[in-house]
Amino acid sequence: MRVCRGAPRISHLFFADDSILFARANMRECSVIADIISKYERASGQKINYSKSEIVFSKKVGVDARREIKNALDVKEVEKHKKYLGIPTIIGRSKKAIFYGLKERIWKKARVWRLLTKPNTIAACVLKARYFKNSSILDARIGHDPSYTWRSLWSAKSLLLEGLKWRVGNGHDINVWEDAWLPGDNAARIPTPISEVDPSLRVAELIDSNTKAWNLPKLRSILSEDDVQIVLQLPISKRLPNDFGGLHIMVFLRSSPPTGLECAGG
């Protein structure tokens, strides 16, 4: 496939765990795709998940040709592929309608982030007094008869939590078992308990208030030795400042077999 005359040919696109193959809508190229799939399965020892595989035809492909190709590849036909990473694979002309939802999600996430990092603004103070007087915005409930603004912000909270990682200050705002606070590449890095524990335990209870250091006996009573050593890597400020939640950004490349084959014929 070419996007225009003189552009390079594109036969496939590989994503994290999906593949899109492009071909002409005829049985000869269909057979080539089937042969590629067969060789892949023999070489890797893994099978293509045909229940998650789809095929899209251009408008000019006839009904009989579509039926023949679908039967040969044993995949279902769809009008267009679903979203990938939250964005449609086929954009079309209506950019505003397609990206409106994505824009709204980003805006809401930014607003929650601002309330979290700038708690002394007038908006943050008003919302806190009304909806989360005795807790953090991250622990707030939607409450009774919420305003449109609060419902929008509250619905975006889960998006922010997916990428939030805590930096330990005094530990009062961090739940040991629910919040991501241990160092590591994984944004959701939390410790694993080795005994029955208090589910509401705060990191502050693992810090000796007198020495301003980690309480080693307490750590070893509830955490594995591996997690204890990870916790001990975290420095404790003698000032015991407030905890800080930061966005964890991770870029990764992964090579893994596709869970489904997506074919586009034209």
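This section describes the fold, selected residues and cysteines of a predicted model.

The protein chain contains 7 helices and 11 strands. Of its 266 residues, 33% count as buried. The accessible surface of the protein chain amounts to about 17,700 Å², and carbon and sulfur atoms account for 55% of that area. When contacts in the protein chain between residues at least 6 apart in sequence are considered, 55% of them join residues at least 24 apart.

Strand E3 covers residues 54-57. Its side chains point in two directions: Glu54 and Val56 one way, Ile55 and Phe57 the other. In a regular strand, side chains alternate between the two faces of the sheet. All four residues of the E3 pattern, Glu54, Ile55, Val56 and Phe57, are buried. Strand E3 pairs with strand E4, residues 76-77, in the parallel sense, and the pairing comprises 2 bridges. Within this pair, Ile55 is placed opposite Glu77 of E4. The connection from E3 to E4 passes through helix H2, residues 63-73, and forms a right-handed β-α-β crossover.

The loop between H2 and E4 holds Asp74. This residue is not a glycine, yet Asp74 has a positive phi of about 60°. Asp74 has a relative accessible area of 55% and is therefore classed as exposed, the threshold being over 50%. A positive phi, here about 50°, also occurs at Leu240, which is likewise not a glycine. Leu240 is located in the loop between helix H7 (225-232) and strand E10 (244-247). With a relative accessible area of 23%, Leu240 is partly exposed.

Strand E2 spans residues 19-23 and includes Ala23. The relative accessible area of Ala23 is 17%, so this residue counts as buried under the 20% limit. Ala23 and Phe57 are 34 residues apart along the chain, and their C-alpha atoms are separated by 9.9 Å. Phe57 itself belongs to strand E3 and is also buried.

Asn175 occupies a position in the loop between strand E7 (164-167) and strand E8 (207-208). Despite this loop location, Asn175 is buried, at 5% relative accessibility. The side chain of Asn175 makes two polar contacts with backbone atoms. One reaches the backbone nitrogen of Glu178 at 3.0 Å, and the other reaches the backbone oxygen of Pro199 at 3.1 Å. Apart from neighbours within four places in sequence, the residues in contact with Asn175 are Trp181, Pro199, Ser200, Leu201 and Arg202. Pro199 thus appears both in this list and as a backbone partner of the Asn175 side chain.

The cysteines were examined for disulfides. A disulfide is a covalent bond between the sulfur atoms of two cysteines. With the cut-off for a pair of cysteine sulfur atoms set at within 2.5 Å, the count is 0 disulfides. Cys30 has a relative accessibility of 5% and is therefore buried. Cys125, in contrast, has a relative accessible area of 38% and is partly exposed.

Conventions
Residues numbered from 1 in each chain as written. Predicted model: local features only at pLDDT ≥ 70, side-chain atom pairs only at ≥ 80, totals over all residues. Heavy atoms only, no water. Buried < 20%, exposed > 50% of the residue type's maximum accessible area, 1.4 Å probe, protein only. Polar contact = N/O pair within 3.5 Å; in protein donor to acceptor, adjacent residues only side chain to side chain. Contact = heavy atoms within 4.5 Å. Pairing = 2+ DSSP bridges. Right-handed = clockwise from strand over helix to strand, strands pointing away. Areas by Shrake-Rupley, 256 points an atom, 1.4 Å probe, with all protein chains shown as cover.
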